[in-house]
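Student: I am new to this structure and would like a close look at a single part of it. Could you choose one helix, set it in its surroundings, and take me through it slowly?

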Amino acid sequence: MPDEPYTPTHSPARAIPRPAAGPARAEASGTGTALTPPPPTPEAAPPSSAATGPGTAGPGTAGPETTGQGTTKQGATGPGTTGQGDAPGRVWLTRLLVVGLVLAALNLRPAITSLGALLEEVRTGLHMSGGVAGLLTSVPPLCFAVFGIAAPRLARRFGPAAVVCAGMAAIAVGVAVRPFAGGTPGFLAASALALMGIALSNVLMPVIVKRYFPDRVGTMTGLYSMALALGTSLAAAVTVPVTAALGGAWQTGLAVWSVLAVLAVLPWIPVVRDHRTAARPATPAPAPHTAPTTPPAPDTPPEARTAPPTRATDAPEVPDAPGNTGTPGTTGTPAPTPASEPRTPAPAPAPAPSTPAPATAAGPRITRSRTAWALACFFGLQATGAYITMGWLPQIFRDAGVPAGTAGVLLAVTMVMGVPLAFVIPRVAGRMRQQGPIVVVLGLSGLAGYAGLLTAPAAGAWLWAILLGVSNCAFPLALTMIGMRARTGAGVVRLSAFAQCAGYLLSVPGPILVGALYQHSGGWTAPLALMAGLMVPQMAAGVLAGRDRTVEDGR
């Protein structure tokens, strides 16, 4: 609409036009302040969409609009943005994240499986007894239970990417130092350092996938799982040949895996820097049209004392209650209220109805649930079998006359069975009301594998390795049942924490007991009988945990 003249009562000789629909710029003159129209600009965005976060607005556009953590719209170019000017940087960062995820997953098991391939040489070199060697194979689940609890708190404090980066550095240092630590205590301490890094990264890798790839969780989780299985089997298969190629010293064969961990640190460094840059609060720059510091002339009307905004980020605020003096990120002052129109306070929001929260709002009482205890026992018993297999299976084959290199490859076959079955078993289990039949099939595979190792360990070595690999796929089944035995998000979180922590603690004595039996009996009959016997309670606990009920029901 056309400008309408405004004539002040005390100065009829001068008329000041009211601002039109477009913004105007305040300019100082000799005796007062006049309003001059600004250059034509596109229509500004409404004040509610304005933001003052990092990033720059493109020419002739309104200011950027913050849309989430580190992301802006409308041509923003700062870190964590999706603006056109920053597209190459975001693609570069995404590729670094993919490389970092793959390299980190590759490092989550070689510190364990490479030791299993050279356990006999390590025992001889450090003069370890069978019981101490069993303790060494029990350190991984113990560290996973202890250090895994601290991962969420550290992630909140430093960010998950920084914790994973530090975890890779801990793996590199621990794996490089432990062969040269000078004795069994130093070897155990350095192994614990590497396993601490594995535990922290193991917990936070799914968090990284969810945060940075929310629309590709399935794809990135599959990539991460395959890299983890590949690293597990690769270390088991090539540790012995690499040791022989590097001179035959077991210290070199174990320390060489620190190179892979060092490579895994590198892509996480720029990711951590980008995260800190995006999280750093931006200092708002002064507006280019800041009102003049010289006071306006006394005859200037109240409407002209405050310069109207020139873009959306400087839109004048509308007070919503008496005494409102503006909100951060806006300029201008509240419109003056004429004396004849008293200011009316905005009505207070109606209080929310006081409905009592459901009993499961804070999560169910896990320790009173029989299903939770059954899941914890099932998780712990399958972890016991998995770590006994990773720590002692190559030694079992070597004692049966299988060459060291072939024994490592057999362990790799056992581990690589988890790659295809980790995709199949959760899908099948999710379509069944009760998962007990799958538990029984996996348990019978383990019983058959242990029976074969007792009767003909060398003759049917490849078959026994495959059967034990099928049995070890109880791990993805346990994770699937954790998600199915709770109805609420709080229930899943509490059940997962309880089942994994209690399960890993339960699995600690198994490898120690196997090592002690091996030392005192001088053979594998008693240890294999124990390992086969543990499959029976594992199947029983799995059948109970696989029933169609939830922990919220208190059962």
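Tutor: In this predicted model, the secondary structure of the protein comprises 20 helices and six strands. Of its 555 residues, 43% are buried, and among the contacts between residues at least 6 apart in sequence, 72% link residues at least 24 apart.

The part to look at closely is helix 14, which runs over residues 418-430. Its 13 residues, at 1.5 Å a residue, should span 18 Å, and because its end C-alpha atoms do lie 18 Å apart, the expected and the computed span agree. Within helix 14, the residues Gly418, Ile425 and Ala429 are buried. These residues cover an arc of only 35 degrees around the axis, and therefore they sit on the same side of helix 14. As background, an α-helix has 3.6 residues a turn, so residues three or four places apart point the same way.

The buried residues of helix 14 pack against helix 13 (404-416), helix 15 (436-455) and helix 17 (474-484). Leu477 gives a view of this packing from outside helix 14: leaving aside neighbours within four places in sequence, Leu477 is in contact with Ile425 and Ala429, and also with Phe378, Gln435, Ile438, Val439 and Leu442.

Leu477 also belongs to a wider setting, since the largest nonpolar core has 119 residues, and Leu477 is listed with Phe187, Trp268 and Leu453 as having the most contacts inside that core. The largest share of this core, 14 residues, is contributed by helix 12 (residues 370-399).

Key. Residues numbered from 1 in each chain as written. Predicted model: local features only at pLDDT ≥ 70, side-chain atom pairs only at ≥ 80, totals over all residues. Heavy atoms only, no water. Helix = DSSP H or I, 4+ residues; strand = E, 2+ residues; numbered from the N terminus. Buried < 20%, exposed > 50% of the residue type's maximum accessible area, 1.4 Å probe, protein only. Contact = heavy atoms within 4.5 Å. Expected span 1.5 Å × (residues − 1). Arc of directions from axis to C-beta. Core = buried A, V, L, I, M, F, W, Y, C linked by side-chain atoms within 4.5 Å.
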